[in-house]
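Please look over the sequence and the model below before reading the notes that follow. They are grouped by topic and keep to what can be read from the coordinates.

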Amino acid sequence: MKNILNNNSREELIQAAIEARSRAYAPYSNYSVGAALLTSTGKIFTGVNIENAAYPTTICAERVAVFKAVSEGECKFTAIAVVTLNGGSPCGSCRQVLAEFGLETRVLIADAQGQIVQEVSVADLLPGAFRPEHLKDDSRSG
Ligand SMILES: [Zn+2]
């Protein structure tokens, strides 16, 4: 099994997300989010939500972390920790982006104190996800 997370790596990942959260740029919502993504090679990429005066251009912490990792050549993920004030869950766009890179990635959702309120897989968060294989020729018939 590639997605075994021990308690130490859980704690490390959540702490990294808590630390990242302090750098969130959320002057409009005041809802700071920190994310920490663990790759299969053991690296951690963090992300924060980055809001904008033109609201729709805002981006979530989870996607920042994923895009940072992918842009550095890392596309295989073991887990992502997401920390908010009250243990808010990843939005639909972030679920879709995570699904692109694997349905088995563990998602640790924690509050500002680092208390895990939910631990699920990406598949749990996005049943019936649209996946890269849907674009292959053999799945287009019919
Ligand atoms: Zn999101």
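**The loop between α1 and β1**

- In this predicted model, N30 sits in the loop that runs between α1 and β1, and its phi is near 55°, a positive value in a residue that is not glycine.
- N30 counts as exposed because its relative accessible area is 63%, which is over the 50% cut-off used for that class.
- The loop between α1 (7-21) and β1 (34-39) also holds Y28, which is classed as partly exposed with a relative accessibility of 39%.

**Aromatic pairing**

- Two aromatic pairs are found when the whole structure is searched, and one of them is formed by Y28 and Y55, whose ring centres are 5.6 Å apart.
- The planes of the Y28 and Y55 rings meet at 40°, so this pair is described as tilted, given that stacked pairs have planes under 30 degrees apart and edge-to-face pairs over 60.
- The pair links distant parts of the chain, since Y28 and Y55 are 27 residues apart, with Y55 placed in the loop between β2 (44-48) and α2 (61-71).
- Y55 is exposed, at a relative accessible area of 57%, whereas its partner Y28 is partly exposed.

**T84 and its surroundings**

- T84 belongs to the loop between β3 (77-83) and α3 (92-100), and it is buried, because a relative accessible area of 2% falls under the 20% limit for that class.
- The side chain of T84 makes a polar contact with the side chain of Y31, at 3.2 Å, and a polar atom of the T84 side chain also lies 2.7 Å from the backbone nitrogen of G88.
- When neighbours within four places in sequence are left aside, the residues in contact with T84 are R21, Y31, S32, V33, A110, D111 and A112, so that Y31 appears both in this list and as the partner in the side-chain polar contact.

**Helix α2 and what follows it**

- Which residues of α2 are buried? They are A61, E62, R63, V64, A65, V66 and A69, and these buried residues pack against three strands and a helix, namely β1, β2, β3 and α3.
- G73, found just after α2, adopts a positive phi of about 90°, while N30, in the loop between α1 and β1, has a positive phi without being a glycine.

Methods. Residues numbered from 1 in each chain as written. Predicted model: local features only at pLDDT ≥ 70, side-chain atom pairs only at ≥ 80, totals over all residues. Heavy atoms only, no water. Phe/Tyr/Trp six-rings, centres within 6.5 Å; stacked < 30°, edge-to-face > 60°. Helix = DSSP H or I, 4+ residues; strand = E, 2+ residues; numbered from the N terminus. Buried < 20%, exposed > 50% of the residue type's maximum accessible area, 1.4 Å probe, protein only. Polar contact = N/O pair within 3.5 Å; in protein donor to acceptor, adjacent residues only side chain to side chain. Contact = heavy atoms within 4.5 Å.
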